[in-house]
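Work through the exercises below with the structure open. Each task is followed by a stepwise solution.

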Amino acid sequence: MAFTIKQERELFLARVEDQARRARERSIRCFLGFLDDSQRRLAEDGLRYSGLSVRFFGGYEDAERTMVGMSLEAELPEEAYPIRCVELRWHRGEKVTHRDILGSLMGLALKRETIGDILVEPERAVVFVTDTVEPVILRELTRVGGAAVSCKEISPAEVTFQRSFQELSGTLSSLRMDCVTAFLANTSRSRAAELVRGGLVSVDGQPELRCDHPIVPGSKISIRGTGKFIYDGETGLSKKNKWKVIFRKYQ
């Protein structure tokens with residue numbers, strides 16, 4: 001059964017409220033996630049007046065996908081989160097991408113919310129997952145795409161990662177949402193408008209349905225099926241009087 005975006009949001013908020021109620025009534029720690037930017041924003045709003053200590057953590061500093069922890073305690077320690085790190089390694093020369101790894105993990109019938117960030121480096125990757133699915137991955141994940149992989153649990157202290165970006169520069173006739181989406185998704189303006197109105201484009205974690213919404217420097221833009229970007233701003237006008245713009249795409 002397919003749900004509308006509004007229904008998905010309502011179902012998610014109901015789950016957040018249920019976990020908050022359990023945390024209060026039973027005086028226990030409750031966790032939910034991993035969450036994307038949009039879900040995190042919804043959870044922040046839904047828990048604002050919960051009376052609980054709320055913390056978002058994804059296994060390392062500046063994680064993109066995070067788990068929300070709720071407790072009556074003053075502060076939740078990082079080690080309380082049911083997060084595990086799994087290291088994947090493959091032979092030199094094999095090409096393994098983020099999409100390959102995510103696809104293989106989903107092929108194990110894992111829910112997306114059980115998988116956090118996937119940090120890909122040459123010849124290895126680190127995947128943050130919930131403690132419930134880690135045994136499945138260690139036992140069953142042997143191939144990613146065409147590459148044979150070995151898996152083992154590692155300590156978060158062994159994770160050394162510097163996030164990388166692909167710089168995208170070009171010119172835009174307008175900084176409207178539909179124009180920006182067309183540029184980033186490499187599609188037509190009309191198709192971009194469909195993506196925006198269909199709720200497939202988010203700005204700073206919230207779906208943006210207005211095609212004329214203006215983009216400002218520092219905005220984080222997510223386009224479902226395309227990727228996530230940061231808008232660094234304009235560098236001036238071209239000879240054809242178009243905005244010269246710079247974006248960074250998360251790798």
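**Exercise 1: a pocket and its lining**

The second largest pocket has a volume of about 340 Å³. This comes from a predicted model. Task: find which residues are closest to the centre of this pocket, then describe its lining by helix and by class.

Solution.
- Step 1. Start at the centre. Asp37, Ala63, Glu64, Lys220 and Lys228 are the closest of the 18 lining residues.
- Step 2. Look for the main contributor. Helix H2, residues 37-46, gives the most to the lining, with 4 residues.
- Step 3. Sort the lining by class. There are 11 charged, 3 polar and 4 nonpolar residues.

**Exercise 2: a sheet and its strand order**

Task: give the strand order of the open sheet of 4 strands, and name its edge strands.

Solution.
- Step 1. Read the order across the sheet: E5-E6-E4-E9, with antiparallel pairing.
- Step 2. Pick out the strands that pair on one side only. These edge strands are E5 (115-121) and E9 (150-154).
- Step 3. Add the twist. From one strand to the next, the average is 25 degrees.

**Exercise 3: a strand pair and a packed helix**

Task: over how many bridges do strands E4 and E6 pair, and which residue in E6 stands opposite Cys85? Then place helix H3 on the sheet.

Solution.
- Step 1. Take E4 (residues 83-89) and E6 (residues 124-130). They pair in the antiparallel sense over 7 bridges.
- Step 2. Find the partner. Phe128 in E6 stands opposite Cys85.
- Step 3. Add helix H3, residues 98-106. Helix H3 packs on the sheet and touches E4, E5 and E6. The direction of H3 makes about 140 degrees with that of E5.

Note on methods: Residues numbered from 1 in each chain as written. Predicted model: local features only at pLDDT ≥ 70, side-chain atom pairs only at ≥ 80, totals over all residues. Heavy atoms only, no water. 1 Å grid on protein atoms, 1.4 Å probe; cavity = no way out; pocket = protein on both sides within 12 Å on 5 of 7 lines; lining within 4 Å. Points joined across faces, edges and corners; volume = space filled by probe spheres on them. Helix = DSSP H or I, 4+ residues; strand = E, 2+ residues; numbered from the N terminus. Nonpolar A, V, L, I, M, F, W, Y, C, P; charged D, E, K, R; others polar. Pairing = 2+ DSSP bridges. Axes fitted to C-alpha atoms, helices over the stretch in contact; angles between N-to-C directions. Contact = heavy atoms within 4.5 Å.
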